[in-house]
Amino acid sequence: MANLPLAKKVAKELGVELGKVEIIRFADTEARVWMEEKVAGQNVVLLQPFSPPVDQNLVEFLLLADALRRGKPKKMVAVVPYFGYARQDKIFRPGEALSAQVVANLIEGACFEKLITIHLHSLGILDFFKIPVVHLSTASLLSQTLARLKGKNENWVAVAPDKVALAEVKKVAESFGFAAAYVEKTRDLSQKDKPKALGLVGEIKGKNVFMFDDLSSTGGTIVGGAKLLKEAGAKKVMAALTHMVVPEAAERIVQEESVDKLLITDTINYTGPKLKKMEIISVAPLLAEAIRKSI
Ligand code: R5P
């Protein structure tokens with residue numbers, strides 16, 4: 001299971017027990033899953049983020065779904081707190097795979113009646129599904145933390161580290177009455193994991209910044225954005241990320257002096273060291289509420 005701590009928290013919120021399942025790995029790394037729980041006639045929820053090792057967790061999810069389906073449950077709901085492969089949501093160059101659609105097809109093919117997921121990289125991914133998808137935002141969850149941490153009468157601006165992230169950032173900006181701004185970012189497709197912050201669109205000077213994005217895997221986007229923001233005269237920079245995909249990215253972000261605080265959620269089980277500047281906020285209540293409404 002890719003995120004047992006979150007599954008336990010969600011089960012606790014719902015007042016239910018986690019089902020018994022055995023997963024073993026053979027010497028050749030193949031998995032064997034055994035659904036020990038009897039699920040006939042029951043509503044079942046399978047929670048698995050497609051976090052690293054992404055392919056392994058995705059296949060494990062598909063095997064678990066098959067085992068569940070064979071047990072003849074009443075209704076099967078997939079909860080994928082982190083939807084991997086979401087960044088390949090378009091054909092950027094002829095010859096590429098449309099990976100996000102491939103993953104969507106796999107989820108649908110596994111006989112789920114509904115998908116619950118959180119903060120997709122782009123809303124276009126919803127169009128790849130025929131089954132209903134509940135797409136949850138972490139904007140209000142992370143904003144509650146910002147409301148607790150920010151001082152009275154402080155001047156804040158909500159910033160997207162790239163234009164794609166602007167829609168979610170505007171939700172935060174609107175809930176507080178802040179202005180929204182964004183960093184202009186570019187990527188050279190021939191070089192992986194090397195984003196470049198080019199400039200800022202919006203008024204930053206003398207303001208505190210809440211920078212909000214879907215995910216971080218190398219930390220490069222947030223580090224580059226924070227440096228640019230401080231150069232442009234920002235006071236504090238608080239970075240908030242729904243999915244901390246690679247723990248080393250969190251370490252890189254907090255080591256950057258331009259970043260004053262890092263907020264992440266537990267859509268992915270964080271396995272790195274405890275970091276002073278970082279706070280982890282649980283999405284369990286958000287998921288439990290969505291599951292209650294879906295069953
Ligand atoms: C991409 O557009 C995403 O929204 C993130 O900004 C990006 O993937 C972050 O990756 P990294 O931490 O490697 O810069």
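This passage walks through a predicted model, from the ligand and its surroundings to the strands, the loops and one well-connected glutamate, Glu279.

The ligand is a good place to begin. In the model, 15 residues surround the ligand, and the closest are Asp213, Asp214, Ser216, Thr218 and Thr221. Sorted by class, this shell holds two nonpolar, seven polar and six charged residues. Several polar groups of the protein can be placed against oxygen atoms of the ligand. A polar side-chain atom of Arg87 sits 3.0 Å from a ligand oxygen, and a polar side-chain atom of Asp162 sits 3.1 Å from a ligand oxygen. The backbone takes part as well: a polar backbone atom of Ser217 is 2.9 Å from an oxygen atom of the ligand. Of the 370 Å² that the ligand exposes when taken alone, the protein buries 96%. Three elements each give two or more residues to the shell, namely strand 8 (179-187), strand 10 (208-216) and helix 6 (220-231). Strand 10 supplies the largest share, with four residues.

Turning to the sheets, four strands form an open sheet in the order 3-4-5-6, and their pairing is parallel. Its edges are strand 3 (43-47) and strand 6 (133-136), each of which pairs on one side only. From one strand to the next, the twist averages 15°. For a reader who wants to follow one pairing in the viewer, strand 5 (residues 114-118) and strand 6 run parallel and are joined by four bridges. Within this pair, Leu115 stands opposite Val133 of strand 6. Helix 8 (residues 284-294) packs on the sheet and touches strand 3, strand 4 (75-80), strand 5 and strand 6. The direction of helix 8 makes about 165° with that of strand 5.

An antiparallel pairing is found between strand 1 (residues 21-25) and strand 2 (residues 31-35), which share five bridges. Here Val21 stands opposite Met35 of strand 2. The two strands form a hairpin with five residues between them, and Thr29 in this hairpin takes a positive phi near 80°.

Some backbone geometry in the loops also deserves a look. Most residues other than glycine have a negative phi, and most peptide bonds are trans. Against that background, Lys72 has a positive phi of about 55° although it is not a glycine. Lys72 is located in the loop that links helix 2 and strand 4. The peptide bond from Pro52 to Pro53 is cis, with omega near -5°. Pro53 belongs to the loop between strand 3 and helix 2 (54-70).

Finally, Glu279 offers a handy residue to trace by eye. Glu279 lies in strand 13 (residues 278-281). The side chain of Glu279 makes a polar contact of 2.4 Å with the side chain of Arg148, and another polar contact, of 3.5 Å, with the side chain of Lys261. Apart from its neighbours within four places in sequence, Glu279 is in contact with Thr145, Arg148, Leu149, Lys261, Leu262, Leu263 and Ile264. Both polar partners, Arg148 and Lys261, thus reappear in that list of contacts.

Conventions: Residues are numbered from 1 along each chain as its sequence is written. This is a predicted model: local features need pLDDT of at least 70, side-chain atom pairs count only at pLDDT 80 or more; totals for chains, interfaces and linings use all residues. Side-chain values use heavy atoms; hydrogens and water are left out. A polar contact is a pair of N or O atoms within 3.5 Å; within protein, one must be able to donate a hydrogen and the other to accept it, and residues adjacent in sequence count only if both atoms are side-chain atoms. Contact means heavy atoms within 4.5 Å. A residue is near a molecule or strand if one of its heavy atoms lies within 4 Å of it. Accessible areas come from the Shrake-Rupley method with a 1.4 Å probe; for residues, only the protein chains shown count as cover. Ala, Val, Leu, Ile, Met, Phe, Trp, Tyr, Cys and Pro count as nonpolar, Asp, Glu, Lys and Arg as charged, and the others, Gly among them, as polar. Two strands pair if DSSP finds at least two bridges between them. Axes are lines fitted to C-alpha atoms, for helices over the stretch in contact, and angles run from 0 to 180 degrees between N-to-C directions.
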